[in-house]
Amino acid sequence: MEKFTQLDGLVVPLDRANVDTDAIIPKQFLKSIKRSGFGPNLFDEWRYLDHGEPGQDHSKRPLNPDFVLNLPRYRGASIMLTRDNFGCGSSREHAPWALLDFGIRALVGTSFADIFFNNCFKNGLLPITLPAAEVDELFRQCTAQAGYRLRIDLDAQTVTRPDGKVLRFDVEPFRKYCLLNGLDDIGLTLRHADKIREFEARRRLEQPWLFGQ
């Protein structure tokens, strides 16, 4: 998992509440368990004017000119502003995979669905919760100013606006540690690889019948 320490990124505002995971990545694209390749289908039903299916040539699909991710001013955004209850619905881990594959590294909003929130941290995506008044102001500034960027410092737990105002956010210490060090569940386990190998070697000697010997 890629480490998350600091991010200076272009911001895209998704001004919708209760965005569910089927909107983030529709169910027909869940056939793969690889963590890559989902970016072209992020918000598929909103980004394109036709119905999406796996294996399509997305370069030939008609784009919805009114959807925010298709606007040229937000191309290359790595931070997304969201509203209440983002990531609700089914528990698919493909949702953070699709956001990451598209290039989104951080989400800033008022609230996130619990399972989606947990899945973000496990995959290197930082969800930041701020008070509604602060999020409202971020939306106002972002829509008013082209090229709007935020600076996020995970270690300091701050979001800095272009005008210099610093917003502080909370994050659970263990989740913060994992993101700063790029450790997902597998990475956490592999920190103890030597002890695991020692245990397996000892077990093979003490219980050889388990290994067909």
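Colleague: Why is there no bond between the sulfur of Cys 88 and the closest cysteine sulfur, in Cys 120?

Modeller: A disulfide is a pair of cysteine sulfur atoms within 2.5 Å. The sulfur of Cys 88 is 13 Å from that of Cys 120, so it is too far for a bond. Cys 142 is in no disulfide either, as its nearest cysteine sulfur, in Cys 120, is 19 Å away. The structure holds zero disulfides. This is a predicted model, where local features need pLDDT of at least 70, side-chain atom pairs count only at pLDDT 80 or more, and totals for chains, interfaces and linings use all residues. Residues are numbered from 1 along each chain as its sequence is written, and side-chain values use heavy atoms, leaving out hydrogens and water.

Colleague: What makes Cys 88 count as buried or exposed?

Modeller: Buried means under 20% relative accessible area, exposed over 50%, and partly exposed in between (1.4 Å probe, protein chains only). Cys 88 has 15%, so it is buried. Cys 142, with 0%, is buried too.

Colleague: Why is Asn 18 called partly exposed?

Modeller: Its relative accessible area is 47%, so Asn 18 falls in the in-between class. Asn 18 is in the loop between strand E1 (6–13) and helix H1 (21–24); helices (H or I, at least four residues) and strands (E, at least two) are DSSP runs, numbered from the N terminus.

Colleague: How do you know that strands E3 and E4 pair?

Modeller: Two strands pair if DSSP finds at least two bridges between them. Four bridges join E3 (residues 106–109) to E4 (residues 126–129), so these parallel strands meet the definition. Val 108 stands opposite Ile 128 in E4.
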